[in-house]
Every structure is written in C-alpha cells, then in structure tokens.
Amino acid sequence: MLFGGIEAGGTKFICAVGDEKGNIVERISVSTTFPQETMEQVIAFFKNYQLSAVGIGSFGPVDVNHDSPTYGNITTTPKTAWRDYPLVSTIRESFQVPIGFNTDVNAAALGEATLGAAKGLDSCLYITVGTGIGAGAIMQGKLLQGLSHPEMGHILVRRHENDIYKGKCPYHHDCLEGLAAGPALEERWGEKGASLQNKQEVWELEGFYIAQALMQYILILSPKKIILGGGVMKQKQIFPIINKYLQQFLNNYVVVPELTSDIEQYIVSPGLGDNAGITGSLLLAVQAYEDAVTRAK
Ligand code: ADP
Ligand code: ZN
C-alpha cells in the first residue's frame, strides 16, 4: 500500500510517497508561492501513484475541528495568499481517499514519537524554532487537541533585563515567538541566525527564553521527552545553555533524573533530523486510513 504525505510549510511543500511504516519511496519539494500554482504541482506529483490515503501536516493556524464548516482550512496565517485556503478539500477534489490533517509540528511530534527520538514513549513534545515557534504534543499516545490545536509558541515569557528589543510577533509583539524565532534574532542582532554562530550573548539570550518556555511546558504537560527542531536549533551550542537556565528556573522543584543527571537525553534534536515533519505527515495518512477501515466495520 502507498500513502501520500505533505509537509506544507511557509517556504516549501515537501511531498512524499511512502509505505505504512513511514518509509519514504519518492519525494519532491515545491515552493510555496500562490495556492493554485503550488497545489497544481503537488497534485500532479501524487497523480503518479495509487494512494490509499493522504496525510497533511501544515503551517497554521489551521482548522482541525472535524465538526467545523471550515475544517481543513489554513486560517489566520500572515501569508495572505493562503489565508482561509481550503487545503483538505482541494486535495479531496483530486483524491477520493481518507485524508489526515494536522499542524506541521503535530505531524513532527507524531513522527518522532513513532520512529524518532521519542520512539517507545507515550508522550513527547516537539518544538520548532524557525521562522516561527510552534509545538506539538503527544500525550497518552495521542496528539494533544482541545478547542483547536495548541499554539505554544505564543506564550508570554519574562523579558531579560537587558533586552530592549520590541519583539516581532504581529499579534503579541514580545511573546516567545516574537522574541526568539529566527526573524526576531535577525532583527535584534542585525544578522541572520546562521551567521551569529560565534556570538555567545546571542545564544545566552536565546537559551534564556527557550528555557522559560520549556519550564512552562514541563510544568503543565510533563512530557517524557522534549525534541527541539527547526533552523535555529541547528546551533547546537544552545542546548547546554537551555539546560543550565532550565535547571536554574526549576530550582530542583521537579526532581526526576530526566531534569538533572540525564537532561542531555531529555532535551534532544530530532531523531529523524529534517524528516520528522514529512514522516509524521505520512503517518497521519496511515492513521486516517486505519480510522476509515475501523469506521467501515
Ligand atoms: P521554517 O520555519 O520556515 O520551516 P526553518 O526551520 O529552516 O524553516 O527556519 C528558518 C529560520 O531559521 C530563519 O529565520 C533562519 O534565519 C533561521 N536559521 C536557519 N538556519 C539557521 C542556523 N544554522 N542557525 C541559526 N538560525 C538559522
Ligand atoms: Zn505571538
């Protein structure tokens, strides 16, 4: 059986065909331009295969409520050409198969929990620090969802006393994303994240903010593993800084080895590397297929 996976990103759509175990057989990358142009290429690629289901992990916010008339749409994205775009129904017009749909970070969390760094665990948190900050959670073996999907990148954090940068989030200015995502780094320091590699103060401040967020996620969700992905986290020197601040902020309140002696195995890079999102999208397809089979019984 073959499944289709789409990791719909703000810069590119990665499309893959794979098997029920999440192994990728073929993949392409399509630039995220205008919906019609991008989606024509996506659909043309998948038309070469007989797919049993399609899974989509999308940039958002998205409507994941099955009972909503706008289920499957991208909603209030700052990318105006994609605002209110009906992603799921566009795919459904071309492929009459079950379709799984969730956020990009939820897909990545599913990929990591099934085949990556959190394999074998029934909970984990996947966080991306890239163009934005977002997180997906698996709790008790299921993707965490309530009224909508979580938006953990937009939590409020305490400012560092020396940080006078105004923040870049169009909605909240100095929320976590506004202070610590890639575009905030670039605007605050005047250079792209990648070229700030040797500036210790940049990563101290970045670690200070990310550690505050992790503290809150740990206190609220208590995940068994935290996976940090996205472009900014390619700067591996942030990990020990995050660990230092996290331990300082928690101040031995939660006493488990994962947060003390074993913290380097608790807060980790994605086990699937850059494939976490696309692998998770394939697994969303497999889940959608299995759900449809169960419903038909
Ligand atoms: P996206 O979030 O769009 O899917 P990425 O996860 O690659 O894509 O994030 C892109 C952001 O990460 C940009 O702001 C970029 O400047 C920053 N970035 C990419 N690579 C690095 C790096 N090696 N070090 C620091 N920042 C980086
Ligand atoms: Zn915000």
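Okay, Leu156 sits in the loop between E8 and H4. Keep in mind throughout that this is a predicted model. Is Leu156 buried or exposed? At 61% relative accessibility, Leu156 counts as exposed. Setting aside neighbours within four places in sequence, Leu156 is in contact with Cys175 and Gln216. And if you go back along the chain to Leu144, twelve residues apart from Leu156, the two C-alpha atoms are separated by 20 Å.

Hang on to Cys175, since that takes us to the metal. Which residues coordinate the zinc ion, ligand 2? The donors are His154 through ND1, Cys169 through SG, His172 through ND1 and Cys175 through SG, at 2.1 to 2.3 Å. Along the sequence, those donor residues follow the spacing H-x14-C-x2-H-x2-C. Two of the donors, His154 and Cys169, link distant parts of the chain: both are in the loop between E8, which is 142-143, and H4, which is 176-180, and they are 15 residues apart.

For the geometry people: the angles among the four donor atoms of the zinc ion (ligand 2) run from 102 to 122°, and the site is tetrahedral. As a reference point, ideal tetrahedral angles at a metal are 109.5 degrees. On accessibility, His154 is partly exposed, with a relative accessible area of 22%. Cys169 comes out at 2%, so Cys169 is buried.

Next, charges. Side chains of opposite charge can pair when their charged atoms come close. How many salt bridges does a search of the whole structure find? Ten. I'll go through three of them.

Start with Arg188 and Asp163, whose side chains meet at 3.0 Å, N to O. Arg188 is in helix H5, residues 182-189, while Asp163 is in the loop between E8 and H4, 25 residues apart, so this pair links distant parts of the chain. Arg188 and Asp163 are both buried. The two also belong to a network of salt bridges that links Arg159, Asp163, Asp174 and Arg188.

Then there's Glu187 with Lys168, a salt bridge at 3.2 Å, N to O. Glu187 is in helix H5 and Lys168 is in the loop between E8 and H4, so the pair ties together parts that are 19 residues apart in sequence. Glu187 counts as partly exposed at 38% relative accessibility, and Lys168 also counts as partly exposed, at 39%.

My third pick is Asp274 with Lys234, a salt bridge at 3.4 Å, N to O. This one links distant parts of the chain too: Asp274 is in the loop between strand E10 (267-268) and helix H9 (276-296), Lys234 is in the loop between strand E9 (226-229) and helix H7 (238-250), and they are 40 residues apart. Here, both Asp274 and Lys234 are exposed.

Since H9 came up, a quick word on that helix. H9 has 21 residues and reaches 30 Å from its first C-alpha to its last, close to the 30 Å expected at 1.5 Å a residue. Its buried residues include Ala276, Gly277, Ile278, Leu282, Leu283, Leu284 and Ala288.

Now over to H1, residues 35-46. With twelve residues at 1.5 Å a residue, H1 should span 16 Å, and its end C-alpha atoms are 16 Å apart, which agrees. Which residues of H1 are buried? They are Pro35, Thr38, Met39, Val42, Ile43, Phe45 and Phe46. Why do they end up on the same side of H1? Because they cover an arc of only 155° around the axis. The general background is that an α-helix has 3.6 residues a turn, so residues three or four places apart point the same way. Turn to the face of H1 away from its buried side and you find the exposed residues Gln36 and Glu40.

What do the buried residues of H1 pack against? Four strands, E1 (2-8), E2 (12-18), E3 (24-31) and E4 (51-58), along with helix H2 (87-94).

To zoom in on that helix, take Thr90, which is in H2. Thr90 counts as buried, at 15% relative accessibility. Apart from neighbours within four places in sequence, Thr90 is in contact with Met39, Ile43 and Tyr85. Met39 and Ile43 are among the buried residues of H1 that I just listed.

Methods: Residues are numbered from 1 along each chain as its sequence is written. Chains are lettered from A and ligands numbered from 1 in the order in which they are written. This is a predicted model: local features need pLDDT of at least 70, side-chain atom pairs count only at pLDDT 80 or more; totals for chains, interfaces and linings use all residues. Side-chain values use heavy atoms; hydrogens and water are left out. The expected span of a helix is 1.5 Å times one less than its number of residues. Buried means under 20% relative accessible area, exposed over 50%, partly exposed in between (1.4 Å probe, protein chains only). The arc is that of the directions from the helix axis to the C-beta atoms. Contact means heavy atoms within 4.5 Å. Donors are N, O and S atoms within 2.8 Å of the metal (3.2 Å for Na, K and Ca); water is not among the atoms, so sites may look incomplete. Four donors count as tetrahedral if all angles lie between 85 and 135 degrees; four count as square planar and six as octahedral if opposite donors are over 155 degrees apart and all others between 65 and 115; anything else is irregular. A salt bridge is a side-chain nitrogen of Lys or Arg within 4 Å of a carboxyl oxygen of Asp or Glu.
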